[in-house]
Structures are given as C-alpha cells and as structure tokens.
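Here is a short tour of one structure for a reader who likes to have the geometry at hand. Please keep the 3D view open while you read.

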Amino acid sequence: MRILQVITRSDAGGAQMVLALLANEQARLGHKVTVVSGPGDGSLWKWLSSGIERIDCQSLQRALSLKKDLSAFCELRKIYKILKPDIIHLHTSKAGTIGRLAFPRRKVIYTVHGFDGVEFGLYKQIEWLMQFRCSALVGVCHRDVVAMKEAHITRNVSYIFNGIAKPSEECPDSWPVPDTFKKVILCVARLSPQKNHFLFLQTAALLPDFAFVWIGNTETYSGEAPKNVFFLGSFPSASHYCQLCDLFMLPSNYEGLPMTIIEAMSYGKPVVASNVGGVSEIVRNDVNGYALANEANLFAEKIQYILTNKEVYDRMSKNAVDIFSRELSVEQMTAKYLDVYNSVLSGK
C-alpha cells in the first residue's frame, strides 16, 4: 500500500509523535510511506526511519493566509499527482482542512488529535462541513467521538487510541534533583496555557516532602515556585526520565490522549492527571492512578495516598503496564489504522 501522511508542522508534539510511530511501523510492515509536513523545528524528521520519503511543504502553515493556503493546496495537488497514493492520512486541523480540499475524498482519512474542549465556533462549523470531504474521521479517544457528535459531526466517525513502542531500557544516570526528598513526581510538558503549571505548583506546595520535577520548559521559569519544584528545561528522550520518578502527574486544561501519560504507563508509573479529553479512558480511578478535577487538594491527596501505601503503589504500577501492553502499543494502533485504510479502499 502506498500511504501519504500529512501534518501541518514538524515540531515536537503529540500528533507528530503519533504520525512518526505510525509511519515507521507501516514502513516496517512493507508499506511505501511518504510524509509531508509544513515548517517547524524538524523534530518529526528526526523521528522517522530512514526508508520513509520526506517532503517539506513550506507553504503549509498554521496561520491563516489566503496566498500561502492556496499555494499549499496547489503543492498538495502536485504531490498527489506525482505519488498517486492509495491512502492519504491527514493530521492536525490546517493539514486536515486543506488536505480534504486538495485530495480525492474517497482516499482520505483524517485524525482529530483532540476534539473535546474545542470552543472555537468557526472551527466546529468548518469541521462540520469538512466531514463530507473524507472517507473516515478518527478521534484518539471515545470522548473525541462524543464531542464530535455533539457538534453534529457524525459521518464515518470512530476512534483509535494512540500507541507507542515498547519502553527503552536506556536509563539516564542522574538528573539535578536532590535525593533528600522522599518521593519524586514528574511532569513532561511544555509551558503553555494548555498545560496548567499553576496546578502543578499548588500541588507541590501541599507536599513539601516530595520533589516535583517538570521537563519540557524551553525557557527558564522566572515565576515564584516552592523549593521542592524543579524546572529542568527541555531534554532529549524526556520519557526515559520516567524511570527516575515514582509517579507521573499531568495537569492540563484540555487534551486528546496524551502520549506522555502512555509513556509513563509503559514504565509502570502510576498517573495522577487532569480529567480532560480521553485521560480517564486510560487513567482509571483506583486502577492505575486517578483522573481528577483541577483542584490542588485533590491532586495532593491522591498522590500522597499512592506514594505512602506500598500495596496500592505496586498494584497500580502493575496495572499501568498491563493496560499499556493490552491497549496502547504501536502495533495495536497501527493494525487498527490499517483496518480503517482497508475499509476505505474497499469502499465499505
């Protein structure tokens, strides 16, 4: 099968990671895969295996621009005529919109990397119209499907959990966190309005005996923070640092299905996270952690409960690995997407 994967930007991000993992696994299975991306920091290109064709489409940009959007439309049309792919798989909203206009509807599937929490009315109207310009619309969790249906987007809608490869056994030797703290809580996320770092700080203040470590801030954090909080910046292979923590925390205002949570689960770490998007579908209360309302006292209570009860911790750690193995591997994700591809090709 000749597969064309298209995304708006090449930056490091959850959607880009999903695309790279999916493309690499498809290529490993013998499919001919080409990836098209607009500009960015190039992380996507580094994640792709060597056998995958890469096309840089500079006119495909997130910002609205009639000139650049028209240019991107023409470039994508040209790419289609040259490659003649069997399936076109679109990711992220701008690529999803222009791609659904540029490519034949019968060959297109579009993955929505998080629809829950979308408040922008125009975006929902566009998505309602564009549902008729693809053969399959895929969310990353059941909540995405519910949210789309609430917006009257119902045509060929389904969901497929994100998946990742088996965790790396390579463990970092150390990190600049004092070993004087009883336990270590890790968050891997960028500093942005989406990621609620204020909740992280408030929770840390309630648990001064535990170290709270944040990886992913690209700039030095200049605000006030409790003495048990450490903003370490951006690390390559940040997920490997899950091996140095006791519990993973993800505060957030909205999500699809966070890859960082799946990575933490693959290392057997209990998770305490905001109950947004599809988080509660993989972080199951009193099973492998808790999905909670964004209240610091709730986060602190559950973190302390897990980390001060060995029997609870061991049970949740085992359950995290079991859920990952059963439901969140890259092999399972790829197989389900290939089923969708084959269904589209057969016209079902």
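## Contacts and the model

Contact here means heavy atoms within 4.5 Å. The model is a predicted one, and that is worth keeping in mind for everything below.

## Two valines of helix α12

Let's begin with V330, which has its place in helix α12 (residues 330-346). Is V330 buried or exposed? Its relative accessible area is 4%, so V330 is buried. Which residues does V330 touch, once its neighbours within four places in sequence are set aside? The contacts are L21, E25, G163, I164 and A165. For a sense of distance along the chain and through space, take V330 and T8: they are 322 residues apart in sequence, and their C-alpha atoms are 22 Å apart.

V340 also belongs to helix α12. With a relative accessible area of 15%, V340 is buried, because buried means under 20% relative accessible area. Leaving aside neighbours within four places in sequence, V340 is in contact with I109, A136 and I160. I160 is 180 residues from V340 in sequence, yet the C-alpha to C-alpha distance between them is 9.9 Å.

## Strand β6 and its partners

A136, one of the contacts of V340, leads us to strand β6, which covers residues 136-139. Which residues of β6 lie on each side? A136 and V138 are on one side, L137 and G139 are on the other, and all of them are buried, leaving both faces of the strand covered.

Strand β5 (residues 108-112) pairs with β6 in the parallel sense, over 4 bridges. Within that pairing, T111 has V138 of β6 as its bridge partner. Strand β7 (residues 157-159) also pairs with β6 in the parallel sense, over 3 bridges, and here V138 has S158 of β7 as its bridge partner. Strands of a sheet pair through backbone hydrogen bonds, either parallel or antiparallel. Helix α6 (residues 142-150) joins the picture as well: β6, α6 and β7 make up a right-handed β-α-β unit.

## The open sheet and helix α7

Next comes an open sheet of 6 strands with parallel pairing, in the order β10-β9-β8-β11-β12-β13. Its edge strands, β10 (229-233) and β13 (289-292), each pair on one side only. From one strand to the next, the twist averages 20°. Towards the β13 edge, strand β12 (residues 271-274) and β13 run parallel and are joined by 4 bridges, with S274 standing opposite L292 of β13.

Helix α7 (residues 197-206) packs on this sheet, where it touches β8 (183-188), β9 (210-215), β10, β11 (247-250) and β12. The direction of α7 makes about 165° with that of β9. Which residues of α7 are buried? They include H197, L199, F200, L201, T203 and A204. The cover over the buried residues of α7 includes β8, β9, β10, β11 and β12, along with helix α10 (296-307).

## Helices α3 and α4

How do α3 and helix α4 (residues 93-102) meet? Their axes come within 9 Å and cross at roughly 55°. That angle makes α3 oblique to α4, and the crossing is right-handed.

On the α3 side, the residues that take part are D69, A72, F73, L76 and R77. They meet K94, I98, G99, L101 and A102 of α4.

## Two residues with positive phi

Two loop residues deserve a look in a backbone check. K84 sits in the loop between α3 (66-83) and β4 (87-91). Its phi is near 50°, a positive value in a residue other than glycine. Is K84 buried or exposed? At 57% relative accessibility, K84 counts as exposed.

N156 lies in the loop between α6 and β7, the helix and second strand of the β-α-β unit described above. Phi of N156 is near 55°, again positive in a residue other than glycine. Its relative accessibility is 42%, so N156 counts as partly exposed.

Key
Residues are numbered from 1 along each chain as its sequence is written. This is a predicted model: local features need pLDDT of at least 70, side-chain atom pairs count only at pLDDT 80 or more; totals for chains, interfaces and linings use all residues. Side-chain values use heavy atoms; hydrogens and water are left out. Buried means under 20% relative accessible area, exposed over 50%, partly exposed in between (1.4 Å probe, protein chains only). Two strands pair if DSSP finds at least two bridges between them. A crossover is right-handed if, with the strands pointing away from the viewer, the path from the first strand over the helix to the second runs clockwise. Axes are lines fitted to C-alpha atoms, for helices over the stretch in contact, and angles run from 0 to 180 degrees between N-to-C directions. Angles under 35 degrees count as roughly parallel, over 145 as roughly antiparallel, 65 to 115 as roughly perpendicular and the rest as oblique. A crossing is left-handed if the near helix is turned anticlockwise from the far one by less than a right angle, and right-handed if clockwise.
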